[in-house]
Amino acid sequence: MSPLRHTAVFAWVLAATLALAACSGSTDALDAHGSESRHIAGLWWLMFGLAAGVYLVVGGFIVLAAVRGRRGKPVGSRISPSMFIVVGGLVVPTLILLVLAVVTVTTTDALRKPSHDALRVEVQGERWWWEVRYPGRQIVTANEVRVPVGQPVEIGLVSDNVIHSFWVPELAGKVDTIPGQRNVLRFTAEKAGTYLGVCAEFCGIQHAHMGFRVIAQSPGGFERWAAEHASPPLQPESELTAQGQLLFQRLPCAGCHTVRGTEARGKAGPDLTDFTSRATIGAGAVENTPQNLARWIQEAQSIKPGALMPDLTLSGDEVAALVSYLESLN
Amino acid sequence: MATTEVRPAAEEPEHLEEIWEDDPGIPGFFSTIDHKRIGKRYIYTCFIFFAVGGVMALVMRMQLAGSDNTVLSPGAYNELFTVHGTTMIFLFNTPVLAGFGNYLLPMMIGTRDMAFPRLNAFSYWIFLFAGVFFYSSFLVGSAPDGGWFAYTPLTDKVYSPGLNLDFWGLGVAFVGISTTVGAVNFIVTTFKLRAPGMSLNRLPMYVWSMLVFSFMVIFAVPSVTLAAGLLELDRLFGTAFFVPKAGGSTLLYQHLFWFWGHPEVYILFVPAAGMISMIIPVFSRRPLAGYLWVAASLVAIGFISFGVWVHHMFATGMPALALSFFAAVSLLIAIPSGVQFFAWIATMWHGAVRFTTAMLFALGFLLVFLLGGITGVMVAVLPFDWQATDSYFIVAHLHYVLNGAVVFPIFAALYFWLPKITGRMLNERLGRVSFWTMFLGFNLAFFPMHILGFLGMPRRVYTYSSGLGWEALNLVVTLGSFAFGLGVLLTLINAVVSHFRGARAPDNPWGADTLEWATSSPPPDFNFEAVPVVASRHPLWDQQPLPVADSGIDDATRAFGPAGAHEHTTPITGGLRAAPETTMRIPEPTILPVVFAAGLAVFVVGLLVQALVVGVAGLALGLLGLAWWVWRIGEH
């Protein structure tokens, strides 16, 4: 049994190393592109090294201890029981833990330090999507947080319903949105790109579909985006679109959704002012395409069961008009 | 007190059996207060809950085997993971350890029953009724779905309007009575009923662990009872302890919950470690190395575990300074675990290991818990936890700790002690197959979850999209979980078959050292006709033949000898050295504990359905049972 056990232990650690080195998903905490996540990934590799060493040494002792007396007689040893306990159980762990304690405090300090020139973004956890506001600018959007590369970002996190948790693994650790308090998450995106985020705190029936994305772009690109989004959408150009707008305001839609510059001022659902610029519908439930939008309007409950968006019973023409209107919002 | 060298031939054994035996049939079933019958019932009931909770896990794994599966609706998934977690913590792990304690502890310390046998029956009935109450939620289609931690405000009346969470809140508060009452019983039993000469430094390590377990329960459980109780006040009577909009605090709930919740992890680990400290020495054929170190470690864990609860709340936005304190304490608690680890290693190193199934499970425990302990240290490191918390990394870690470091010892204990309990040996070959299936399945199921955590998979999602690189690993996890389930099934089959067909177990099949092996397998109702006299930490190794006490003429020593067994009594001892003090009369069987427990159960149902009549009727029945119970104590 002993060689088998040795191999098994070794294979685990090897498999873990390879898998961790090879993984490159888009929510990979070790594929760090933010200041905070890079610190944490560094910390992880330090701990992984220590852990692998400890596992191999202690696991080796366990296996060796178990097999050395297998012939039924104890084998003499110069290592006394108290030496095992004092050195292995007390002294070595204490040293390792002291190192970790120091690293914990210094890393925490580095990550929690506020900066002066941070871009402030206010994010509110909703059931089951995220509202995103830029204080001082007329921008309200949903499920997408745009940030400039290289500038520190301070995300204010609040909720007026249940607890959620804001997590973009490639950029930073997670922070909860807790009703009754405003939490802050700080990070700096170091590379342009789209980073997927998820809700990490169980928040009810559609906790699984509460995705979002952080889009980091060049400071110039970010400013252009911000300027474009500060102005309300243009008036409808085609007749179908105009008809769609009318329907939107007449049907229950406007009771829950806002489109800036129109009479739709509902607060319960996401602001749809820049709807077409978003990648997904239903906080990551489906891709944002006209076909999916038409489906979403009619049968949101089968795409995202339990979501607060009801199924609407509409004629084909009505759906086409609504889709045309919503697709014009940019 | 005189001692004789040889166990006296049982005089009138038939007569002795009659004095101790329960009424036959149904009345005897409800009225028994024999710690062994109650302990067995605990263990068997817990394994039923374990099997049910395990099947739930397998159904969840089917849902997560691939992306966008539709085996389960989101609502059903949320119910399953809530009930799975609640079952494993409240209805399996905690009570099964109490069950083993119930069966083993009195025999290990050489007495004839627990200090409060009726209270003992009461705590079993409460546990059973709480479990049935909790599971009855499925019958009305309202199983709890707010997570086993039931965070507010998600679980308040606004966001969870159904009865679902009331089953959880009332069930948790209800089952807490059972655990607490049991803990008091263990403490008093350990301090007052030890065999003469069993000083504290001769206590079997498992008894030490049950003592620490019990003190931890007494200080921790009130906190979760309070959390669940206040939650129910919010839900049923409109108070606002946890309602932020009305000035309540949702973080207060988290503090109350985890002030129990983290010690709870150690409440489970400590007795499991105690079992390991009994099993490894027996199969290493030498005493446990560093007895005092290990006992001190258990006590240290008991204290330190009350200073780590905030590490479940690292992402709640508390100030870094406060968090750093809890991070440091969470690192510190690794040290007493490390000490125990090396005590076990040293025991094997200086011994000669026999690879029985029980020992294989103990070795499996060591290798699994080692990894769970290491990842435990990692998540104590504050910044790393901000990435890891609420991801699958934690699911991996907690199963390495709770499934690996508690379930493996429980299986080791089954193979070790079941022969004593049933009088039949388990099949060793099937046991080995079961162990290897469980061990490989376990690592296949839970190791990849670490990596899924790094890949950004959050906990408690009923589905996930393709394209995130999560599918292959999730499939491996699902396959592993089924292998683990198969391994568990093999042991359950082994246990059932051995019950009917197993080889007869001798008194001491493993050549073990403690007093439970001094009596027959299965033990007689009275455990020991004459109480053993202890002069060593390892009476069955160092005191051959084992001396037993004669009955003295005074009240302090009369119960030691056969006269005590004939008079339905057991001796009370005291002080550090377990010196004779007086005689305790063991009460007659009675249905009053089950009446009291049933009354409380009806009261809880009354609260659930908000029916005043039901509540009052239940309370009246319970109080009547209690009053009669207290009244009749005087008769003895």
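Two strands count as paired when DSSP finds at least two bridges between them. With that in mind, welcome to this predicted model, where chain A offers two sheets to look at.

## The sheet from β4 to β7

In chain A, 5 strands line up in the order β4-β10-β9-β6-β7 as an open sheet with mixed pairing. The edges are taken by β4 (144-148) and β7 of chain A; each has a single partner strand, so one side of each is left without a neighbour in the sheet. From one strand to the next, the twist averages 25°.

Inside this sheet, β9(A) pairs with strand β10 (residues 212-217) of chain A in the antiparallel sense, and 5 bridges link the two. One residue pair to look up here is A:G193, whose bridge partner in β10(A) is A:A216. Helix α4 (residues 219-230) of chain A lies across β4 and β10 of chain A, and the helix runs at about 135° to β4(A).

## The sheet from β3 to β8

The other open sheet of chain A also has mixed pairing, and its 5 strands follow the order β3-β2-β1-β5-β8. Here β3 and β8 (183-188) of chain A are the edge strands, each pairing on one side only. Neighbouring strands are turned by 25° against each other on average, direction ignored.

At the β3 end, strand β2 (residues 129-134) and strand β3 (residues 139-142) of chain A run antiparallel and are joined by 4 bridges. In this pairing, A:R133 has A:V140 as its bridge partner in β3(A), while A:Y134 stands opposite A:I139. β2(A) and β3(A) form a hairpin with 4 residues between them. In the turn, A:G136 has a positive phi of about 85°. As a general reminder, strands of a sheet pair through backbone hydrogen bonds, either parallel or antiparallel.

## Where chain A meets chain B

The two chains touch through 75 residues of chain A and 70 residues of chain B. On the chain A side, the elements giving two or more residues include helices α1 (2-22), α2 (35-68) and α3 (81-112), along with strands β6 (164-167), β7 (175-177) and β9 (193-199). The largest share, 18 residues, comes from α3(A). Sorted by class, this side of chain A has 44 nonpolar, 24 polar and 7 charged residues.

## A nonpolar core and its hubs

Which residues have the most contacts inside the largest nonpolar core? They are B:I279, B:I345, B:A362 and B:A412, in a core of 307 residues. Helix α14 (residues 392-422) of chain B gives the most to this core, with 23 residues.

B:A362 is a good place to zoom in. Leaving aside neighbours within four places in sequence, B:A362 is in contact with B:I276, B:I279, B:I280 and B:A412.

## A tryptophan in α17

For a last stop, find B:W541, which lies in helix α17 (residues 539-542) of chain B. Is B:W541 buried or partly exposed? A residue needs 20 or more other C-beta atoms within 10 Å to be buried, and 12 or fewer to be exposed. B:W541 has 17 within that distance, so this tryptophan is partly exposed.

Sequence and space can also be set side by side here: B:W541 and B:L468 are 73 residues apart in sequence and 59 Å apart in space, C-alpha to C-alpha.

Conventions:
Residues are numbered from 1 along each chain as its sequence is written. Chains are lettered from A and ligands numbered from 1 in the order in which they are written. This is a predicted model: local features need pLDDT of at least 70, side-chain atom pairs count only at pLDDT 80 or more; totals for chains, interfaces and linings use all residues. A nonpolar core is a set of buried Ala, Val, Leu, Ile, Met, Phe, Trp, Tyr and Cys residues joined through C-beta atoms within 7 Å. Two residues are in contact if their C-beta atoms, placed from the backbone, lie within 7 Å. Ala, Val, Leu, Ile, Met, Phe, Trp, Tyr, Cys and Pro count as nonpolar, Asp, Glu, Lys and Arg as charged, and the others, Gly among them, as polar. Axes are lines fitted to C-alpha atoms, for helices over the stretch in contact, and angles run from 0 to 180 degrees between N-to-C directions.
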